[in-house]
Amino acid sequence: MPVVVDIDVMMARRKIGVGELAERIGITPTNLAVLKNGRAKAVRFTTLDALCEALDCQPGDLLRWEP
């Protein structure tokens, strides 16, 4: 998959764990792990918005494309 998910990088920079972030954005830790590990087939814009707000970042900090 050419889209790489860097949620774990931003989580490390912000020193926040999966459980705390999941609670802040309103999804289960399991679903956050699916997103974080790049196993998700899609991501809702509302979830992406919540991630960006909770991690104080831009969507491009969380997702990037590698050919």
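Let's start with Asp6. Asp6 counts as buried, because its relative accessibility is 14% and the cut-off for buried is under 20%. Keep in mind that this is a predicted model.

What does Asp6 pair with? Asp6 forms a salt bridge with Arg64. The closest N and O atoms are 2.5 Å apart. Now look at where the two partners sit. Arg64 is in strand S2. Asp6 is in the loop between strand S1, residues 3-5, and H1. They are 58 residues apart, so this pair links distant parts of the chain.

Arg64 has a second partner. Arg64 also forms a salt bridge with Glu66. Here the closest N and O atoms are 2.2 Å apart. Put these together, and Asp6, Arg64 and Glu66 are linked in a network of salt bridges. How exposed are the other two members? Arg64 is partly exposed, at 35% relative accessibility. Glu66 is partly exposed too, at 40%.

How many salt bridges are there? The count comes to three. One of them joins Arg24 and Glu20, with the closest N and O atoms 2.6 Å apart. This one stays inside helix H2. The two residues are four apart, so about one helical turn separates them. Glu20 is partly exposed, with a relative accessible area of 40%.

On to the core. The largest nonpolar core has 17 residues. Which residues have the most contacts inside it? They are Ile7, Leu21, Leu51, Leu55 and Leu62. Four helices each supply at least two residues of this core: H1 (7-14), H2 (18-25), H3 (29-36) and H4 (45-55). The largest share comes from H4, with five residues.

Take Ile7 from that list. Leave out residues up to four places away in sequence. Ile7 then touches Leu21, Leu35, Lys36, Leu51 and Leu62.

Next, the cysteines. How many disulfides does the structure hold? Zero. Find Cys52. Its nearest cysteine sulfur is that of Cys57, 4.4 Å away. Why is there no bond? That distance is too far for one, because a disulfide needs the two sulfur atoms within 2.5 Å. Are these cysteines buried or exposed? Cys52 is buried, with a relative accessible area of 10%. Cys57 is buried as well, and its value is also 10%.

Now two backbone angles. Lys15 has a phi near 55°. That is a positive value in a residue other than glycine. Lys15 is found in the loop between H1 and H2. Lys15 is exposed, with a relative accessible area of 76%.

Asp56 is the other one to look at. Phi of Asp56 is near 50°, again a positive value in a residue other than glycine. Where is Asp56? It lies in the loop between H4 and helix H5, residues 59-62. Asp56 is exposed, with a relative accessible area of 62%.

Last stop, the surface. Val3, Val43, Leu63 and Trp65 make a nonpolar patch there. The patch covers about 350 Å². Pick out Leu63. Leu63 is in strand S2, residues 63-65. At 30% relative accessibility, Leu63 counts as partly exposed. Strand S2 is also where we found Arg64.

To recap, find three things in the structure. Find the network of Asp6, Arg64 and Glu66. Find the core of 17 residues. Then find the patch made by Val3, Val43, Leu63 and Trp65.

Key: Residues are numbered from 1 along each chain as its sequence is written. This is a predicted model: local features need pLDDT of at least 70, side-chain atom pairs count only at pLDDT 80 or more; totals for chains, interfaces and linings use all residues. Side-chain values use heavy atoms; hydrogens and water are left out. Patches are made of residues with over 30% relative accessible area and no salt bridge: like charges are joined within 9 Å, nonpolar side chains (Val, Leu, Ile, Met, Phe, Trp, Tyr) within 5 Å. Accessible areas come from the Shrake-Rupley method with a 1.4 Å probe; for residues, only the protein chains shown count as cover. A salt bridge is a side-chain nitrogen of Lys or Arg within 4 Å of a carboxyl oxygen of Asp or Glu. Buried means under 20% relative accessible area, exposed over 50%, partly exposed in between (1.4 Å probe, protein chains only). A nonpolar core is a set of buried Ala, Val, Leu, Ile, Met, Phe, Trp, Tyr and Cys residues joined through side-chain atoms within 4.5 Å. Contact means heavy atoms within 4.5 Å.
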